[in-house]
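Hello,

Here is the structure I promised to hand over. Please open it first, then read my notes below.

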Amino acid sequence: MVSKFERRKDTVQELTESGATHVGKIAMIIAGAVRDVTREIGDWITDGIEMREASKRAQADAADEEPDIVEGETDGGESPADK
């Protein structure tokens, strides 16, 4: 027959093991959530950087395509006095 002390010890041991297991699982869930949120924020920032770089490239391309306008000329090639 098991003594009263041993039953109590076994109960405390089971409760401690169960608590440790559940706390460990909860910690893993929280760590996973933090990891996932961090990854999403990083991806979002990367998207912003890529959009900014694309905008700069588009502005540079547009500047390269604009014709040089000589002073006194309009886009149509006529001077204001010719009109």
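Start with Asp36 and Arg39. Their side chains meet in a salt bridge, at 3.6 Å from N to O. Both residues lie in helix 1, 3 residues apart. That spacing is about one turn of the helix. Keep in mind that this is a predicted model.

Asp36 has another partner. Its side chain also meets that of Arg35 in a salt bridge, at 3.3 Å from N to O. Arg35, Asp36 and Arg39 are thus linked in a network of salt bridges.

How open are these three to the surroundings? Asp36 is partly exposed, at 36% relative accessibility. Arg39 is partly exposed too, with a relative accessible area of 46%. Arg35 has 48% and counts as partly exposed. Buried would mean under 20% and exposed over 50%, so Arg35 at 48% falls in between.

Now the rest of the salt bridges. How many does a search of the whole structure find? The search finds 3. One of them joins the side chains of Asp10 and Lys9, at 2.8 Å from N to O. Asp10 is partly exposed, with a relative accessible area of 32%. Lys9 is partly exposed as well, at 40%.

Next, the surface patches. One is negative. Glu40, Asp43, Asp47, Glu50 and Glu53 gather there on the surface. Take Asp47 as an example. Asp47 sits in helix 1, which covers residues 4–65. Its relative accessible area is 40%, so Asp47 is partly exposed. A patch residue needs over 30%, so Asp47 passes that cut-off.

Another patch is nonpolar. Which residues form it? They are Val37, Ile41, Ile45 and Ile49. Together they have about 340 Å² of accessible area. Val37 is also placed in helix 1. Val37 is partly exposed, with a relative accessible area of 47%. That is over the 30% a patch residue needs, so Val37 qualifies on this count.

Last, the whole protein. It has 1 helix and 0 strands. There are 83 residues, and 1% of them count as buried. The accessible surface comes to about 7,700 Å². Carbon and sulfur atoms hold 59% of that surface.

To look at it yourself, begin with the network of Arg35, Asp36 and Arg39. Then find the negative patch with Asp47. Finish with the nonpolar patch that includes Val37.

Best wishes

Definitions and conventions. Residues numbered from 1 in each chain as written. Predicted model: local features only at pLDDT ≥ 70, side-chain atom pairs only at ≥ 80, totals over all residues. Heavy atoms only, no water. Patch = residues over 30% accessible without salt bridge, like charges linked within 9 Å, V, L, I, M, F, W, Y side chains within 5 Å. Areas by Shrake-Rupley, 256 points an atom, 1.4 Å probe, with all protein chains shown as cover. Salt bridge = Lys/Arg side-chain N within 4 Å of Asp/Glu carboxyl O. Lys, Arg positive; Asp, Glu negative; His and termini not counted. Charge placed at Lys NZ, Arg CZ, Asp CG, Glu CD. Helix = DSSP H or I, 4+ residues; strand = E, 2+ residues; numbered from the N terminus. Buried < 20%, exposed > 50% of the residue type's maximum accessible area, 1.4 Å probe, protein only.
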